Amino acid sequence: MGHQYSAVLWNRQKKIYDLVLLAGVIVYLLVFIVVSQFLRPEITEETLIIRATGSLALLMLHIILAIGPLSRLNNRFLPLLYNRRHLGVSMFVIAAVHGVFSILQFHSLGNANPLVSVFSSNLQYNSLQEFPFQTLGFFALIIFFMMAATSHDFWLANLGPKFWKTMHMLVYVAYGLIIMHVMLGIVQSEPSVLLVTLLGAGFLLIAGLHLLAGFRESKSDVEKSPNQRGYILIGQVSEIPENAAVTVVTNGEKVAIFKYDGKVSAVSNVCKHQNGPLGEGKIIDGCITCPWHGYQYLPHDGCSPPPFTEKVATYDIILEGEKVYLNPKPYPEGTEGKPAIIKSTLNQDI
Amino acid sequence: MKENDFYVGYLPKAPRSMSKWLKAVIAGLLLLPGFVALMVAGNQHRFAATNFEYGQLTELTGVVSLEPVPRLIVEAGRDQRGGVITKSVLLVNFGKSGVETIFRNLEKELGRPLTNFEFNLRGTLIYGEGKTVFELTDQEASVLGHKILDKAYVPVKTVALGEQSFEGEIIDPKCYFGVMKPGFGKVHRSCAIRCIAGGISPVMATKNENGEKQFILLLADKGKTKWPLISRLAGKPITIKGELKQVDDWLVLHYDDQLLYEAASFPIIPNESDKLAREPKLLAGPNALDANIVLCN
């Protein structure tokens with residue numbers, strides 16, 4: 001929602017987040033190096049770097065992929081989502097160290113261009129067992145690079161939220177490539193029950209969390225049809241928490257109905273920033289505040305407060321006694337609508 | 001969601017209940033890397049006790065022979081009767097390449113077979129598993145000097161051991177005996193392919209009937225290894241049949257190209273560089289990188 005872009009809009013939370021991230025990276029590398037040197041003193045520095053960074057990047061990727069569904073399942077994980085892009089960019093940097101060292105170690109100083117060598121040394125693409133696993137890691141690294149390079153609101157605004165989001169969903173393709181890269185590489189070369197168990201547990205955790213979050217969301221996403229007069233009954237006004245929202249699905253779109261200051265307003269549930277769920281947000285300083293990154297919209301017209309320019313669609317809300325009705329026809333984004341006033345609307349005729 | 005459980009990062013302070021929760025999550029997140037690192041690092045297989053004296057240059061003196069593969073024959077001691085005990089030190093170049101070009105050019109310059117000279121070489125020692133490899137780290141400049149011998153060197157021992165079959169893995173001796181750990185297996189495969197395609201002599205790592213490790217130099221039937229072709233069999237289990245010979249302190253297997261490829265567990269489709277290897281006249285083609293190695297042979 002930044003009007004002018006800076007590399008990082010630092011705040012206290014981001015600094016704490018990055019310090020914890022840095023501490024985690026240091027702890028991992030230190031433990032890996034010390035344990036390797038102690039138990040396997042013959043290890044070379046190159047192998048140590050390649051293995052430490054590769055396994056760390058994989059662990060970070062699991063954490064990154066777990067944060068999304070965890071936040072959907074429990075709001076208290078949301079602060080981990082807030083600055084996830086720093087985690088993502090750090091993961092790319094560490095994965096890049098792994099990738100570059102591997103290419104230098106295994107492919108440089110030979111009779112072919114190192115990048116050509118990655119694809120042409122082992123040509124058994126027709127065999128799963130003998131498959132050149134390094135190519136899988138290479139393509140995953142390209143995806144991580146694209147994501148890290150565009151991991152800024154400047155690119156989000158210029159590429160458009162839809163394209164940006166679709167591109168960043170490639171992380172799941174990269175995850176699949178990495179799992180195969182590890183299985184057909186180090187696991188095949190140094191068979192280990194522990195590695196397979198860790199990798200399997202990680203995969204099951206990520207898949208399970210996504211399925212659980214999806215299942216829970218699909219249960220709450222029951223589509224409601226309008227009545228004869230074209231309105232959808234949302235429920236009792238008392239069922240909407242103060243300064244928060246309930247959501248309803250109509251015409252395939254999710255709508256967030258907020259109660260605040262004795263009024264009820266409805267806006268599209270989808271934040272313009274990264275498609276965050278506005279209905280899980282709160283009214284802060286008179287603005288609907290997205291739980292993911294704090295983007296804000298005025299509830300009556302769906303506009304971000306000046307100087308920001310994001311807009312979401314608005315809807316008509318009508319109260320009949322205690323009952324809240326929604327007109328499922330959206331107004332164009334940023335259109336000012338009259339909020340329904342609680343109590344004064346008791347006798348309103350629909 | 002509880003009233004106090006809403007927080008976005010730019011707000012000054014998280015609600016107390018959330019703050020407590022986050023501290024517990026952060027503690028867990030800091031324990032997790034330590035735990036995973038401990039598990040993964042502690043689970044690594046043992047590495048070979050081989051050595052690469054990186055950054056430490058050594059001078060060696062001996063006779064250079066390009067037969068059966070480039071090697072430096074050095075004096076390793078004397079036997080009880082005072083006879084010289086020699087050791088063959090395999091010669092490799094800096095990076096993933098062989099040294100044959102360097103010594104073929106030198107031979108042309110000297111106008112006599114290399115075995116008529118004693119050379120003083122400077123490079124980096126690679127050793128382990130009873131074998132020694134010497135990297136000419138400064139390439140041509142690694143040849144510090146030479147002096148003519150009274151009589152040309154002839155192999156101390158050349159014994160024909162008949163047709164034999166071996167099961168094992170084709171490795172590149174430079175990586176296997178110290179430069180890389182591990183210097184074998186699937187993870188290292190593409191590097192072994194690159195090293196052998198670059199002219200480093202392929203070696204079969206196998207075991208003898210007593211289960212002891214055994215290393216055999218591989219040479220194609222006509223005495224010339226087709227580097228690009230055999231390199232593709234590196235880093236995987238394979239069986240090779242051929243005529244075994246003992247040449248000084250190395251076993252050498254002269255294999256039949258065709259038999260080798262039939263024994264491979266996967267089809268080898270020769271690509272352009274292999275065709276070039278068979279037809280040296282076409283060397284100016286697009287795969288000149290691989291083809292140049294053939295020129296060097």
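This is a short talk about how two protein chains, A and B, meet in one structure, and about a few features inside each chain.

Okay, before we start: what you have in front of you is a predicted model. Keep that in mind as I go through it.

Let's begin with where the chains touch. How many residues does each chain bring to the contact? Chain A puts in 74 residues, and chain B puts in 60 residues. Together they bury about 5900 Å² between them, with carbon and sulfur atoms giving 64% of that area. If you want some residues to click on, try A:R40, A:R76 and A:N111. Those three supply 14% of the area that chain A buries against chain B, more than any other three residues.

Now the polar side of that interface. Between chain A and chain B there are 26 residue pairs in polar contact, counting pairs with both residues at pLDDT 80 or more. Which parts of chain A make up its side of the contact? Quite a list: α1 (12–39), α2 (45–73), α3 (78–82), α4 (84–107), α5 (114–120), α9 (171–189), α10 (193–220) and β5 of chain A each supply at least two residues. Top of that list is α1(A), which gives the most, with twelve residues. And if you sort the side of chain A that touches chain B by class, you get 33 nonpolar, 31 polar and ten charged residues.

Some of the charged residues pair up. Side chains of opposite charge can pair when their charged atoms come close. Across the interface of chain A and chain B there are two salt bridges. One of them joins A:E130 to B:R189, with the closest N and O atoms 3.1 Å apart. Over all chains, the whole structure has 15 salt bridges. Here's another one, this time within chain A: A:E190 meets A:R51 at 2.9 Å, N to O. I like this pair, since it links distant parts of the chain: A:E190 sits in the loop between α9 and α10 of chain A, A:R51 is in helix α2 of chain A, and they are 139 residues apart.

Next, what the records say. In an unreviewed entry, UniProt lists six stretches of chain A under "transmembrane region": 16–36, 48–67, 87–106, 136–157, 169–187 and 193–215. In the model, residues 48–67 of chain A are 100% helix, with end C-alpha atoms 29 Å apart. For residues 136–157 of chain A, the span is 86% helix and 0% strand, and the ends lie 31 Å apart. For chain B, UniProt lists residues 21–41 under that name, also from an unreviewed entry. That span of chain B comes out as 100% helix, with 30 Å between its end C-alpha atoms.

Finally, strands. Chain A has an open sheet of three strands in the order β5-β6-β7, with antiparallel pairing. β5 (282–284) and β7 (296–297) of chain A are at the edges with a single partner strand each, so one side of each has no neighbour in the sheet. β5(A) pairs with β6 (residues 287–289) over three bridges, and A:I284 stands opposite A:C287.

Over in chain B, β8 (residues 158–171) and β11 (residues 237–247) run antiparallel over eleven bridges, with B:E169 partnered by B:P237. β11(B) is also joined to β12 (residues 250–255) by six bridges. In the hairpin of β11(B) and β12(B), two residues lie between the strands, and B:D248 takes a positive phi near 50°.

That's my tour, thanks for listening.

Definitions and conventions
Residues numbered from 1 in each chain as written. Chains lettered and ligands numbered in written order. Predicted model: local features only at pLDDT ≥ 70, side-chain atom pairs only at ≥ 80, totals over all residues. Heavy atoms only, no water. Pairing = 2+ DSSP bridges. Helix = DSSP H or I, 4+ residues; strand = E, 2+ residues; numbered from the N terminus. Contact = heavy atoms within 4.5 Å. Buried area = accessible area lost by both parts, 1.4 Å probe. Salt bridge = Lys/Arg side-chain N within 4 Å of Asp/Glu carboxyl O. Polar contact = N/O pair within 3.5 Å; in protein donor to acceptor, adjacent residues only side chain to side chain. Nonpolar A, V, L, I, M, F, W, Y, C, P; charged D, E, K, R; others polar. UniProt positions renumbered as here; feature names shortened; annotations may be inferred.
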